[in-house]
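I opened the model to look up a few aromatic contacts, one helix and one sheet. These are my entries, in the order in which I checked things.

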Amino acid sequence: MATAQANSLLNSWIKLYRTKQRSAVLSLCGAGLALAVIAVFSLTVGSTAIPLQDMLGMITGVITHQPSASAYDASLYTILFTIRLPRIFMAGLVGCALAMAGAAYQGMFRNPLADPYLTGISQGAALGAVAGFLLPASLPVALIPVLGFLGAVISVIVVFFIARTGKTVPVTTLILGGVAVGAFLASFTSYLLIVSGDKLHGIIFWLLGTFSLADWSRVAIIAPYILAGITVLMLMARPLNVMQLDEEQARQLGINVEKTKVLILAAATLATASAVCFCGAIGFVGIIIPHAVRLILGPDYRLLLPFSALAGAGFLILADTAARTLLAPTEIPVGVITALIGAPFFLYLLRQKKRGIF
Amino acid sequence: MPGIALVNASFRYGRQLILRDINLETSAGEFLGILGPNGCGKSTLLKGMSGLLRPHRGYVTLNGVNIAENNHGYTARNIALVPQNVALPALFTVMDIVLMGRTPHLKLLQYEGKLDISIAIDAMEATRTVQLADKRIDELSGGEKQRVLIARALAQQAGILLLDEPTANLDINYQAEILNFVRQLCRDKGLSVITALHDLNLASQYCDRIIMLKDGYIWRQGNPREVLDAAAIREIYGVDVCVYPHPVNSLPTALVTPRDMAGSN
């Protein structure tokens with residue numbers, strides 16, 4: 001009798017876990033589909049509307065290698081393939097990177113306020129890029145993202161070595177080190193802004209975050225780094241689950257905590273630095289998307305990471321669509337939009353589930 | 001040489017020396033108790049034995065190999081630790097937490113399977129937490145959390161079980177139940193159990209061997225009859241007690257008397 005009961009209990013739990021896994025796969029497909037719909041919608045709207053039929057026709061034409069481009073307006077073709085499509089890819093990649101890095105940091109630092117910029121990376125990138133803007137005009141413009149990327153990576157490395165004691169890197173020291181180094185770097189940036197003169201507008205635009213510079217070559221440059229970064233983060237899903245306990249328990253459960261922290265830090269830095277170097281430090285995605293996903297799906301990182309990636313991509317694509325259409329032909333920096341819609345949406349979610357979110 | 005061995009091991013936090021020159025070996029099927037007042041290093045000793053804290057002198061071996069050279073997964077498949085007073089993240093369910101005990105047995109991308117769920121349910125049944133399985137951690141009482149942590153350690157299926165004050169938050173029925181169960185694991189499955197305890201009488205009743213810590217070293221060790229006498233308890237805890245044989249099994253039982261009633265009669 002007792003064993004029969006135990007068996008039925010076991011079976012019901014096994015069934016529950018199977019259902020959970022199956023519904024996770026299904027909803028992941030659903031979220032991917034939703035992202036595709038968002039991307040298609042965003043391709044059609046803009047200063048020049050492209051009818052859905054024409055757009056699908058042009059895209060299938062390209063995919064199937066039919067030289068049917070002539071059937072469509074050449075300017076529509078240009079807008080679609082050399083302006084909008086790379087821009088949407090860029091926004092999607094950056095959204096993936098920021099949302100996943102934010103999710104990973106929130107787990108690793110066990111801190112709900114953690115975002116991808118916690119380690120001084122955005123201030124480092126800003127200083128590098130602003131310095132790039134102010135270089136003599138004889139130097140190539142391509143130096144701006146390079147300097148931004150270097151500034152970002154170097155500031156994280158500095159913070160890492162400041163925080164390291166012996167063989168361990170305590171996360172609280174890492175946070176505080178990030179804040180201090182960030183503030184130090186920001187003071188230089190502020191000074192540079194004051195002396196920037198007529199370049200101020202462009203710099204502010206970059207600092208707030210924008211995809212207006214997106215093109216295929218830039219997408220191709222950052223895509224491998226971002227994909228590598230998010231792949232490593234994805235592999236850290238189980239260690240991140242266990243590390244939400246605390247580091248001692250995680251270690252006792254067989255996780256190599258220090259190695260995991262270094263891997264997460266490196267992967268998140270790579271992805272985030274690539275995301276910000278062309279587009280500026282777009283705020284809010286990295287903090288609200290993971291929380292929103294956590295509120296809906298719970299704390300399992302095996303769900304949290306992929307869904308954050310898709311949601312982050314979708315959110316930034318939509319935000320960028322708003323940024324380029326709301327006041328067209330004037331463009332709003334996308335960072336303004338993310339905070340503008342992100343904050344109220346997040347507050348709404350918080351009100352919905354008051355039982356504690358972390 | 002299976003089990004944990006500490007050889008001239010000294011432990012410190014920062015510059016403060018907590019334990020010095022500890023020599024200790026565990027053996028399969030033995031219930032080992034660690035006694036001593038608060039702050040004497042019981043938890044430190046358990047952390048040192050589990051490999052969480054490295055000795056600054058001497059060394060610790062697991063199954064004959066220096067524990068520092070093992071990978072974390074191997075250590076966690078051999079040693080499970082039930083910590084004391086830890087915070088658990090609120091959003092996880094009891095089942096989630098217990099299944100985390102399976103971590104060292106799973107590959108990086110492997111999902112928990114039938115076997116893991118069945119082991120988790122067995123562990124929860126043993127600790128009477130199975131009816132809580134789908135509850136969230138923040139809905140549990142302190143004692144329930146304690147039993148969930150024990151279930152997680154059991155799900156690790158390690159041959160060595162370290163417990164840090166496992167009965168601290170529990171009512172007397174659960175104290176007895178947990179210790180009975182753990183001792184049964186010792187007897188039936190040959191588990192090696194090492195537990196820090198603050199209750200002298202529970203230690204006397206359940207332990208095969210008791211280690212008494214004082215000023216950072218092992219002051220005395222032996223079976224309960226050998227080590228638990230009024231003089232030893234006075235030396236270690238600085239309190240006067242009467243030690244009587246337990247009416248059922250004649251094991252030493254310590255009784256406290258209020259100071260103003262001492263010597264009356």
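**Entry 1, an aromatic pair between helices.** I began with Trp216(A), which in this predicted model has a relative accessibility of 36% and therefore counts as partly exposed, since that class lies between the 20% and 50% limits. I then turned to Phe89(A), whose relative accessible area of 44% makes this residue partly exposed as well. I looked up the geometry of the two rings and found their centres 5.5 Å apart with the planes at 55°, so I noted the pair as tilted. Because Phe89(A) sits in helix H3 of chain A and Trp216(A) in helix H8 of chain A, the pair ties together parts that are 127 residues apart in sequence.

**Entry 2, an aromatic pair within a helix.** I counted through the aromatic pairs and have 7 over all chains. One of them joins Trp13(A) to Tyr17(A), a tilted pair at 6.2 Å centre to centre, with 45° between the planes. I noted that these two residues are 4 apart in helix H1 (residues 2-44) of chain A, which means that about one helical turn separates them. On checking accessibility, I found both Trp13(A) and Tyr17(A) to be buried.

**Entry 3, helix H8 of chain A.** I wanted to know how the length of H8(A), residues 216-235, compares with expectation: at 1.5 Å a residue its 20 residues should span 28 Å, and the end C-alpha atoms are 28 Å apart, which agrees. I nevertheless recorded a bend of about 30° at Ala223(A), with a proline, Pro224(A), following within four residues. Ala223(A) is itself among the buried residues of H8(A), which also include Val219(A), Ile222(A), Ile226(A) and Leu233(A). When I asked what covers these buried residues, I found that the cover includes H3 (74-108), H9 (237-243), H11 (257-279) and H13 (301-325) of chain A.

**Entry 4, the sheet of chain B.** I moved to chain B and traced an open sheet of 4 strands, in the order S2-S1-S4-S5, with antiparallel pairing. The edges are S2 (16-25) and S5 (65-66) of chain B, each of which pairs on one side only. Between S1 (residues 4-13) and S2 of chain B, I find 6 bridges joining the antiparallel strands, and I looked up one partner in particular: Leu6(B) is bridged to Leu24(B) in S2(B). Finally, I noted that helix H1 (residues 42-50) of chain B lies across S1, S2 and S4 (57-62) of that chain, running at about 125° to S1(B).

Definitions and conventions. Residues are numbered from 1 along each chain as its sequence is written. Chains are lettered from A and ligands numbered from 1 in the order in which they are written. This is a predicted model: local features need pLDDT of at least 70, side-chain atom pairs count only at pLDDT 80 or more; totals for chains, interfaces and linings use all residues. Side-chain values use heavy atoms; hydrogens and water are left out. Two strands pair if DSSP finds at least two bridges between them. Contact means heavy atoms within 4.5 Å. Axes are lines fitted to C-alpha atoms, for helices over the stretch in contact, and angles run from 0 to 180 degrees between N-to-C directions. The expected span of a helix is 1.5 Å times one less than its number of residues. The bend at a residue is the angle between axes fitted to the seven residues ending there and the seven starting there. Buried means under 20% relative accessible area, exposed over 50%, partly exposed in between (1.4 Å probe, protein chains only). Rings of Phe, Tyr and Trp (its six-membered ring) pair if their centres lie within 6.5 Å; planes under 30 degrees apart count as stacked, over 60 as edge-to-face and the rest as tilted.
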